[in-house]
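Okay, thanks for letting me take the slot today. Let me put the thing on the screen and then walk you through it.

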Amino acid sequence: MGLEVSTPWQQVLDKIRTWARVNSPWAIHFNSGSCNGCDIEILATLTPRYDVERFGIKLQGSPRHADVLICTGPVSLQAKDRLLRIYWQMPEPKFVIAVGSCGLSGGVFHGCYNIVHGIDEVLPVDVFVPGCPPRPEGIIYGVAVLLEALKSGKRPERTMTVELPAGFEMPQAEVRQ
Amino acid sequence: MNLTIHPLIVLLFFPGGLFLLASGLVFQWADRKLVARFQNRVGPRFLQPLADVLKLLAKEEIIPEGAHRGLFVALPIIALAAALTAALYVPMFGVQPFFSFQGDLIVTIYLLSALTISLGLAGANSVDRFSLVGATRTLTQLFSYEAPFLLAVIGPALAAQSWQISKINAYAGETTWFIVAQPIGFLVALVGLMGKLELPPFDAPEAETEIVAGALTEYSGRGFALFRLSKDIELVIGLTLVAAFYLGGIANPLDFVLKTGGLLLVMALLQTAFARLRIDQTVGLWWRVGALMGLVQILAILAGIYIRQWWL
């Protein structure tokens with residue numbers, strides 16, 4: 001993973017790191033202009049009935065604490081900058097799951113003038129969960145697919161390859177005196 | 001139980017250092033599991049807290065622009081150090097505290113407050129409105145629960161005529177349990193402990209529905225992991241302290257496990273049963289009810305001591 005050197009010590013460390021990463025995916029949820037159907041399903045996924053804490057999945061409020069960005073919606077032009085900002089606020093390594101038909105292709109909004117048509121146009125998406133909206137089981141399966149890919153090392157750890165959109169400035173922290 | 005172990009082992013492995021970190025993780029797991037069971041869920045696996053901490057340690061740490069870098073890096077370490085140091089004075093795992101002197105009760109409570117203050121400073125230091133609001137609430141809560149909690153732990157100390165945790169622990173083991181003699185003090189201490197740990201009815205400082213994640217909003221990776229660890233250790237210390245004072249002292253490991261486990265069960269039930277209080281409700285509850293009840297308890301104890309002296 002990180003370093004090129006593969007001493008036994010390094011391999012053990014990598015194993016531990018992968019184990020920890022696979023067993024504790026903390027999620028943050030972002031709605032980029034979805035109709036809210038998928039978001040209701042995501043919230044249903046987090047209820048005691050499905051109990052995703054069994055797998056270590058926890059919903060975090062702050063993007064700084066999250067590993068997985070669970071994103072819905074066709075990315076409206078208004079939401080695009082916010083989505084990018086949330087993504088950049090997350091610390092590496094980070095993963096993106098696109099939930100719902102809109103996140104895949106624009107869904108019912110396909111062809112609208114005010115959307116970007118899918119999350120993968122903006123961010124590198126790891127897992128797509130189709131459905132309008134997908135059932136909670138589907139969303140859990142999506143996360144399981146991501147974790148399986150992480151475990152087998154199929155998903156290479158990538159650095160930021162997303163281009164800044166023209167005219168987009170990373171918001172600076174305001175310093176209060 | 002009295003053991004003689006090399007001081008370095010005491011600091012690094014048992015009962016400080018590694019043992020303390022491990023017990024903190026186990027208590028965090030027990031707390032989460034109990035809350036999950038009360039909510040009719042299955043709950044996290046046993047190694048969940050360990051996985052969380054390791055994952056956070058392996059993550060990137062982002063230092064926000066505008067924050068004081070040194071403070072931002074140092075505060076989690078100070079918090080963890082304060083928690084680890086405080087644990088040396090309490091009868092951890094039923095073993096006599098290795099470092100004990102007259103007045104270590106005050107030092108322990110001070111060190112636990114140092115943890116909360118570094119949390120507040122961390123929030124105020126990272127330039128973010130949410131962490132600033134979180135820091136304000138953390139410190140407001142500190143000022144409200146600290147007095148009642150202190151009054152509640154003073155009760156057994158007055159009865160035992162000592163400021164030394166090990167002596168109070170031994171005295172509590174000899175007499176009837178203080179929970180019977182001082183029920184109000186026990187209640188205030190238990191609820192005060194929940195306020196100290198920012199557990200659910202009193203989690204306004206980290207209310208994720210209002211202020212993202214409170215004081216720790218800007219912390220990622222290592223800093224967040226260390227703050228979480230110090231919170232877990234504070235949970236262990238707090239439970240040990242209340243169990244030692246009010247539940248008849250902690251004399252051996254079995255005592256420790258049973259009594260702190262029982263306390264944790266009650267605390268998990270309270271966490272599940274109550275919804276979050278607003279910060280002004282928290283302050284009102286502590287000062288109007290908690291502090292008054294604590295004072296009444298202290299007065300009753302003082303009166304009891306004087307009457308006993310007068311009669312004998």
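Quick bit of vocabulary before the tour: when I say helix, I mean a DSSP run of H or I with at least four residues, and a strand is a run of E with at least two, both numbered from the N terminus. And please keep in mind that this is a predicted model.

So, chain B. What do the elements of chain B look like, going from the N terminus on? They run α-α-α-α-α-α-α-α-α-α-α-α-α. That is 13 helices and zero strands. Its radius of gyration comes out at 19 Å, close to the 20 Å that the globule rule gives for 312 residues, so chain B is as compact as a globular protein of that length. If you prefer a box, the C-alpha trace spans about 65 × 45 × 40 Å along its principal axes. Of those 312 residues, 51% count as buried. And if you take the contacts in chain B with a separation of 6 or more, 79% of them come from residues 24 or more positions apart.

Let me zoom in on one helix, α2 of chain B, residues 17-38. With 22 residues at 1.5 Å a residue, α2(B) should span 32 Å, and its end C-alpha atoms are indeed 32 Å apart, which agrees. Now, which residues of α2(B) are buried? The list is L20(B), L21(B), S23(B), G24(B), L25(B), F27(B), Q28(B), W29(B), D31(B), L34(B) and V35(B). As a reminder, an α-helix has 3.6 residues a turn, so residues three or four places apart point the same way. What do the buried residues of α2(B) pack against? The answer is α3 (48-57), α4 (69-86), α11 (222-246) and α12, again in chain B. Right after the helix, have a look at N40(B): it follows α2(B) and has a positive phi, near 65°.

Since α12 just came up, here is one residue from it. L254(B) sits in helix α12, residues 253-273 of chain B. Buried or exposed? L254(B) counts as exposed, because it has 10 C-beta neighbours inside 10 Å, and the cut-off for exposed is 12 or fewer. L254(B) is also 8.2 Å from F93(B), C-alpha to C-alpha, although 161 residues separate the two in sequence.

On to the core. The largest nonpolar core has 94 residues, and the members that touch the most other members are A79(B), A83(B), A87(B), A189(B), I237(B), V242(B) and F245(B). The largest share of this core comes from α11(B), with 16 residues. Apart from it lies another core, this one of 35 residues, including I70(A), L83(A), V127(A) and L146(A). Going back to A79(B) for a second: leaving aside its neighbours within four places in sequence, A79(B) is in contact with L115(B), S118(B), L119(B), L226(B), F227(B) and S230(B).

Next, where the chains meet. Here 30 residues of chain B are in contact with 22 residues of chain A. On the chain B side, α3(B) gives the most, with five residues. By class, that side has 13 nonpolar, eight polar and nine charged residues.

Last stop, a few backbone spots worth clicking on. In chain A there is a cis peptide bond between C132(A) and P133(A), with omega about -10°. P133(A) is in the loop between β5 (127-129) and α5 (136-151) of chain A. Then there is N36(A), which is not a glycine but has a positive phi, near 90°. N36(A) lies in the loop between β1 (26-31) and α2 (37-45) of chain A, and it is exposed, with 12 other C-beta atoms within 10 Å.

What lies 8.3 Å from N36(A), C-alpha to C-alpha? That would be G73(A), 37 residues apart from N36(A) in sequence. G73(A) is in the loop between β3 (68-72) and α3 (77-89) of chain A. With 28 other C-beta atoms within 10 Å, G73(A) is buried. Beyond its neighbours within four places in sequence, its contacts include S32(A), G33(A), S34(A) and C102(A).

And one from chain B to finish: E198(B), also not a glycine, has a positive phi near 55°. E198(B) lies in the loop between α9 (183-196) and α10 (208-211), and with 24 C-beta neighbours inside 10 Å it counts as buried.

Conventions
Residues numbered from 1 in each chain as written. Chains lettered and ligands numbered in written order. Predicted model: local features only at pLDDT ≥ 70, side-chain atom pairs only at ≥ 80, totals over all residues. Buried ≥ 20, exposed ≤ 12 C-beta atoms within 10 Å, placed from the backbone. Expected span 1.5 Å × (residues − 1). Contact = placed C-beta atoms within 7 Å. Nonpolar A, V, L, I, M, F, W, Y, C, P; charged D, E, K, R; others polar. Core = buried A, V, L, I, M, F, W, Y, C linked by C-beta atoms within 7 Å. Rg over C-alpha atoms; globule rule 2.2 N^0.38 Å.
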